[in-house]
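These notebook entries record what I looked up, residue by residue and pair by pair.

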Amino acid sequence: MQFSSYKDLRGKLLAREVSCEEVVRDYLERIEGSRDSNIYLTVFTEGAVARARALDAKLQAGDAPGRLFGLPMAIKDNIAIKGEGLTCASKILGNYTSVYDATVVERLLAEDAMFLGKVNMDEFAMGSSNENSSFGPVRNPYDPTRVPGGSSGGSAASVAADLCMVALGSDTGGSVRQPASFCNVVGLKPTYGRISRYGLVAFGSSFDQIGILAKNGDDAAAVLQVIAGDDGSDSTSSHHEVGDYAGEMDAVSLEGLKVGVPKEYFPSTLNSEVRDLVQARLDAMQAAGAELVEITLPESDYAIAAYYILTTAEASSNLARFDGARYGYRSAESEDLAAMYVNSRTEGFGKEVKRRIMLGTYVLSAGYYDTYYKKAQQVRRVFLDRYREALGKVDVIAGPTSPFPPFGIGDKTGDPLEMYLADVFTVPASIAGLPALSVPAGFDSSGLPVGMQLIGNFFEEGKLLGIARKVQA
């Protein structure tokens, strides 16, 4: 059972050519047959079927269907669903069950979406390959020996492998866009504050955003339309009016569109096939009437350093709550309270999480705060100013999403710095809080996916999705 888009599925559901229960059972059968890919951590088998039957009964009774009626979705395991596990792919939360729904979950359920299960991720969203999960790595649907990207690797892989139609992930420095590139899907990180973070387990609170992964921009827009907007439970959510994303997409034309191409996004070290594929997409946009404008973003070399100083500092604070005292894993080998704290965190956290907590604690310490953290905050402001200046001259900024195609499982685990460089093109938009997405750009000579990143001005998600539609067409 295949559908080209949610619009296609919705038409068939409303015409009663297929039922929600038939759709759910088909997806559940595929999920069961894909266990070796390690994509799903939890499958809501009984709950998904019960939800589907309830929606079928609603339609049968003549009640108006919601805007996402019957949409089968997956959700990253750092977003809360009441009564379901919320592990963040970590041993320290291995047995934790959420006691409430995230705002995005409430809004999706209110519009008749269906959840199939929770998908794998890097532990506490810290990673670029999905190899940091305490449940093992996800395998890329295009080559099981390679990574799907991270930290939302399970979300991207679930869409690419047809194990759901749309998935939610989270993006702190590229964790939706980079796996979207590695799995040949569309991955949207909205403007900071566009989507409520209530119910998203925090990593870097001033960076984190719930994002959307789908096979096309139209499906992503349909979900964004429902989950975007102000939320009283999240003081960082924006009051900015939610636009008509479908209408904004329809209004996009490549004719006369100014596309900024930063020279810093095409360094000599960039993989040659990635360069050629992205350039081919840019040339196609130019042939359709767009104007390619070379721009410069000279501070780009500082992006990774500033990002990892700021996010590890926030992570060290956010993860202090996981101490074995209130919820989650507690070490049995402890003589007193202090030992219980130390042992629970030592045994419960993985290596990468410990590394970032220690680095964050270091840059916040009295002797190094001004040298590192304060300086990184100043660099963050420079990035914001530079991107605002650039987007005052062009409509969108374009370049590669990742400097290389999907790499092999285990290839970069021995060199954390090389792994961090996987996010070199995605972290600037996160530092500035700008909306950005990855759209498929083609396949290299080995059949591996490559993505092109588009960065827009604040709250221009509709424009970005419209451009993505043109690029995919």
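**Entry 1. A tyrosine on the surface.** I began with tyrosine 362, which is found in helix 12 (residues 351–364). The model I am reading is predicted. I asked whether tyrosine 362 is buried, exposed or partly exposed. With a relative accessible area of 36%, tyrosine 362 is partly exposed. Leaving aside its neighbours within four places in sequence, I find tyrosine 362 in contact with Tyr368 and Tyr372. I also looked up a distant position: the C-alpha atoms of tyrosine 362 and glutamate 17 are separated by 60 Å, and the two residues are 345 apart along the chain.

I then turned to tyrosine 372, which sits in helix 13 (residues 369–391). Tyrosine 372 is partly exposed as well, at a relative accessible area of 32%. Both tyrosines belong to a nonpolar surface patch of about 340 Å², made by Leu359, Tyr362, Tyr368 and Tyr372.

**Entry 2. The annotated domain.** I consulted the UniProt record, an unreviewed entry, which places the feature "domain: Amidase" at residues 22–465. Over residues 22–465 I note 37% helix and 14% strand. The end C-alpha atoms of that stretch are 30 Å apart.

**Entry 3. Serine 152 and the residue before it.** I located serine 152 in the loop between strand 3 (114–119) and helix 5 (153–160). Its relative accessibility is 0%, so I record serine 152 as buried. Which backbone atoms does the side chain of serine 152 reach? One is the backbone oxygen of serine 170, at 3.0 Å. Another is the backbone oxygen of serine 175, which lies 2.8 Å from a polar atom of the serine 152 side chain. Not counting residues up to four places away in sequence, serine 152 touches Lys76, Asn130, Gly169, Ser170, Ser175, Val176 and Pro179.

Serine 151 lies in the loop between strand 3 and helix 5. I checked the peptide bond from glycine 150 to serine 151 and found it cis, with omega near 5°.

**Entry 4. Serine 90.** I found serine 90 in the loop between strand 2 and helix 4. Serine 90 counts as buried because its relative accessibility is 0%. Its side chain makes a polar contact with the side chain of glutamate 123, at 2.6 Å. Leaving aside neighbours within four places in sequence, the contacts of serine 90 include Phe124, Ser134 and Gly348.

**Entry 5. Helix 4 and what follows.** I listed the buried residues of helix 4 (residues 103–110): Thr103, Val104, Val105 and Leu108. I record that these buried residues pack against strand 2 (72–76), strand 3, strand 4 (166–171), strand 6 (209–214) and helix 7 (217–227).

Helix 4 is followed by aspartate 112, which I place in the loop between helix 4 and strand 3. Phi of aspartate 112 is near 75°, a positive value in a residue other than glycine. At 4% relative accessibility, aspartate 112 counts as buried. I noted a positive phi of about 60° for asparagine 38, which is not a glycine either. Asparagine 38 lies in the loop between helix 2 (20–32) and strand 1 (40–43).

**Entry 6. Salt bridges.** How many salt bridges does a search of the whole structure find? The search finds 22. I looked up several pairs.

Lysine 12 forms a salt bridge with aspartate 8, and the closest N and O atoms are 2.6 Å apart. The two residues are 4 apart in helix 1 (residues 6–14), so about one helical turn separates them. Lysine 12 counts as partly exposed, at 28% relative accessibility.

The side chains of lysine 118 and aspartate 77 meet in a salt bridge of 2.9 Å, N to O. Lysine 118 lies in strand 3 and aspartate 77 in the loop between strand 2 and helix 4, so the pair ties together parts that are 41 residues apart in sequence. Lysine 118 is buried, with a relative accessible area of 0%. Aspartate 77 counts as buried too, at 1% relative accessibility.

I recorded a salt bridge between the side chains of arginine 177 and aspartate 171, at 3.0 Å, N to O. Both arginine 177 and aspartate 171 are buried. Lastly, I noted that salt bridges sharing partners join Glu21, Arg25 and Arg53 into one network.

Definitions and conventions. Residues numbered from 1 in each chain as written. Predicted model: local features only at pLDDT ≥ 70, side-chain atom pairs only at ≥ 80, totals over all residues. Heavy atoms only, no water. UniProt positions renumbered as here; feature names shortened; annotations may be inferred. Patch = residues over 30% accessible without salt bridge, like charges linked within 9 Å, V, L, I, M, F, W, Y side chains within 5 Å. Areas by Shrake-Rupley, 256 points an atom, 1.4 Å probe, with all protein chains shown as cover. Salt bridge = Lys/Arg side-chain N within 4 Å of Asp/Glu carboxyl O. Buried < 20%, exposed > 50% of the residue type's maximum accessible area, 1.4 Å probe, protein only. Polar contact = N/O pair within 3.5 Å; in protein donor to acceptor, adjacent residues only side chain to side chain. Contact = heavy atoms within 4.5 Å.
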